[in-house]
Amino acid sequence: MNANKKTHAVDTYDAKQIANAVRFTAHFMIGRGQKRTVECDSLDEARTAAAELNAEFGQFGRRAMIYAIAASGATFHVS
C-alpha cells in the first residue's frame, strides 16, 4: 500500500468529530427487531461494552458497532 496516500477530507472531519464527541454508544443487532444499545461516557467504556455485547451475542459472526455522538446529535461510526 502507498505510504503517501492522502487522507480524505471526510475522514479527517469524522476523526475530529469522534475526538470531540460528548458520548458514545455500543450497538448490537441481536436479531429481527431486537437490538441492544449501551450508552457510554467515553470511547474506552464503549469498547468495553462492545466486547461484552460480542461475548454475549456474537456467536454467529455479528459484531457490535460503536458510534460517537456529537453535541449536535450527529452520529459517527467508530468501529
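Which residue of strand 2 does T25 stand opposite? In this predicted model, the partner facing T25 is E39. A little further along, A26 sits across from V38, again in strand 2. Both pairs belong to an antiparallel arrangement in which strand 1, covering residues 23–31, is joined to strand 2, covering residues 34–40, by seven bridges. The turn between them makes a hairpin with two residues between the strands, and here G33 adopts a positive phi, near 75 degrees.

Zooming out, the hairpin strands are part of an open sheet of four strands. Reading across that sheet, the order is 2-1-3-4, and the pairing is antiparallel. Strand 2 and strand 4 (75–77) sit at the edges with a single partner strand each, so one side of each has no neighbour in the sheet. From one strand to the next, the twist averages 30 degrees.

Then there are the helices. Helix 1, made of residues 9–19, lies across strand 1, strand 3 (65–69) and strand 4. Measured against strand 4, that is, in terms of direction, helix 1 runs at about 115 degrees. Helix 2, made of residues 43–57, also packs on the sheet, where it touches strand 1, strand 2 and strand 3. The direction of helix 2 makes about 10 degrees with that of strand 1.

Definitions and conventions:
Residues are numbered from 1 along each chain as its sequence is written. This is a predicted model: local features need pLDDT of at least 70, side-chain atom pairs count only at pLDDT 80 or more; totals for chains, interfaces and linings use all residues. Side-chain values use heavy atoms; hydrogens and water are left out. Two strands pair if DSSP finds at least two bridges between them. Axes are lines fitted to C-alpha atoms, for helices over the stretch in contact, and angles run from 0 to 180 degrees between N-to-C directions. Contact means heavy atoms within 4.5 Å.
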